[in-house]
Amino acid sequence: MSEAELHQIRIRLHQGERQKAARGALRIPLPGGLAYNRSGQIVFNPDEEVQARLRLIFDKFRELQTARRVMRYLRTHDLRVPVRPLRGPAPHELVWRDATIAHVHHILHNPAYAGAYVYGRRRINAVRQGPGSHRATSKVAIDDWDICIKDAHPGYINWEEFMANQRRLADNTNRYESGHRGAPRKGIALLQGLAVCGQCGRRMTVRYSGPDSACPVYCCLADRNQTGSSLCQEVRAPAVDELVAQTLLKALEPDQIAIAIAALDEIAEETRSLEKQWALRRERARYDAERARRQYDTVEPENRLVARTLEKAWEDKLRLIDEIEQEYRRWRDREPLVLQAQDHAALQELAENLPAIWHSETTQPEDRKRILRFIVQEVVLDQKKIRGQVAIRILWQTGATSDHQIQRRVQSYDRDYGELELVRERITQLNAAGDMDRQIAKILNDEGVRREASCSAMRTSGSYATVGESPQPRSTASQPIRRAGLMEPTLYGAQPLQSA
């Protein structure tokens, strides 16, 4: 009976806790950016530096789109993250820690920063709990939360932005089979995460071939991975990426002036934000030093046991002020607060010339992918729809679509070449005009009749310099002359047949 009574008591206590949480009255642990006031209401942390740091994190995620980039930004500028470790009895003091990917994820995933009162984000998982271990819990999906009261208290972002952040974080995981695009990576394949198979509608992966793995190829591996069959299709990336890039730059031409102005405003806003972070950090260091001085002044001079400790603490705070001031001066030397007139003119001229920025050696592949993802939602590729052609459909973020086609560069002219009859007819015309085989091959090469070129010469400084052409192609147009049946073998090589 005692065990049954204890079980009933636990059930009643749990039900009472749920009912109190349903009213929003249950006192739950809060993250570092929030606190309880004297009346028990949830408010912003009164520390201005904490508020400014958290708002900076949300702003940078809105700009950089990935939690890892936000973490790198914070560590580059030596900006720590406010953390409230939930260990030991309450109250839990706020501490400053070096930014890690776990800290950034904790901030972005926490609904309390969106002003929501949530109960039931985690549940006990008996499977994961081993003998003698602490209570193991597992994360619960947002739709399965027991209680979620929106706009229950002030938040750093609204609920819509919180949900958009969750979708963005989920989409950054590299699970193509689940339809996720993944975060932009360092590979040169422009459509990484955006390429969709036009045959089966599933997202395509990227592999690299050719010398030094410098030629990306978009592959649809779904059928082979799931059923063991052959590849659905694979499309070489250089020509496709060049067409998509040209289409993107052409679409942005009318907005180049607005982009230039926005770039200048963004640089100025970035500088002001960092200056504010430094001002708050310097102010905190001066306050800590002044507090250490007051503590030292209050101790009795004769009590050297305590005075020596407080004196050492005061000296450490003064030394910290000097280190922060030196770091601030170095930052000011690297990034001046006010751009000069010539800097404005240079930046505006550069921003108005988007192709130069796009093809610049300093522009990284992941930066190009980020720019593309702001404008393009996905790109559908199908090289089996039209013989010898790659059909490309670009789905823009506005919902509009545009269709394009490019000539495939095939390994053989008797297979998958869409204009074989036109080539045969052109060779017949040139042969009738009395041209020799080398002359015919040169004319056809000048007219763009080529096979697949070497990938090693297609890439220069992170961008494709030429598409479909190489200084030393593997073959010339002499092959279709033989395929057309217009050459006969001789002792010294092939000679064109004389026209009737």
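**A walk through sheets, helices and a hairpin**

Let's start with a helix resting on strands: helix H7, residues 237–252, lies across E11 and E12, and its direction makes an angle of about 85 degrees with E11. Keep in mind as you look around that this is a predicted model.

Now look at the strands beneath that description. E11 and E12 belong to an open sheet of three strands, arranged in the order E10-E11-E12 with antiparallel pairing. Which strands stand at the edges of this sheet? They are strand E10 (205–209) and strand E12 (234–236); each has a single partner strand, so one side of each is left without a neighbour in the sheet. From one strand to the next, the twist averages 30 degrees. You can also follow the pairing residue by residue. Strand E11, residues 215–219, pairs with E12 in the antiparallel sense over three bridges. If you find Val217, its bridge partner in E12 is Arg236.

Next, let's visit a pair of helices. Helix H3 (residues 67–76) and helix H4 (residues 101–109) have axes that come within 9 Å and cross at roughly 120 degrees. Why do we call H3 and H4 oblique to each other? Angles of 65 to 115 degrees count as roughly perpendicular and those over 145 as roughly antiparallel; the crossing at roughly 120 degrees fits neither group, and H3 and H4 are therefore oblique. Their crossing is right-handed. On the H3 side, the contact is made by Ala67, Arg68, Val70, Met71 and Leu74, while H4 brings Ile101, Val104, His105 and Leu108. Sorted by class, the contact of H3 with H4 has seven nonpolar residues, one polar and one charged.

Our last stop is a hairpin further along the chain. Strand E14, residues 389–396, runs antiparallel to E15, and seven bridges join the two. Here Arg393 stands opposite Asp403 in E15. The hairpin of E14 and E15 has four residues between the strands, and Gly399 takes a positive phi near 100 degrees there.

Follow the chain out of strand E15 (401–407) and you meet Arg408, in the loop that leads to helix H13 (420–432). Is Arg408 buried or exposed? Its relative accessibility is 17%, and buried means under 20%, so Arg408 counts as buried. Arg408 also shows how folding relates sequence to space: Arg408 and Ala391 are 17 residues apart in sequence, and their C-alpha atoms are 9.8 Å apart in space.

Key:
Residues are numbered from 1 along each chain as its sequence is written. This is a predicted model: local features need pLDDT of at least 70, side-chain atom pairs count only at pLDDT 80 or more; totals for chains, interfaces and linings use all residues. Side-chain values use heavy atoms; hydrogens and water are left out. Buried means under 20% relative accessible area, exposed over 50%, partly exposed in between (1.4 Å probe, protein chains only). Two strands pair if DSSP finds at least two bridges between them. Axes are lines fitted to C-alpha atoms, for helices over the stretch in contact, and angles run from 0 to 180 degrees between N-to-C directions. Contact means heavy atoms within 4.5 Å. Angles under 35 degrees count as roughly parallel, over 145 as roughly antiparallel, 65 to 115 as roughly perpendicular and the rest as oblique. A crossing is left-handed if the near helix is turned anticlockwise from the far one by less than a right angle, and right-handed if clockwise. Ala, Val, Leu, Ile, Met, Phe, Trp, Tyr, Cys and Pro count as nonpolar, Asp, Glu, Lys and Arg as charged, and the others, Gly among them, as polar.
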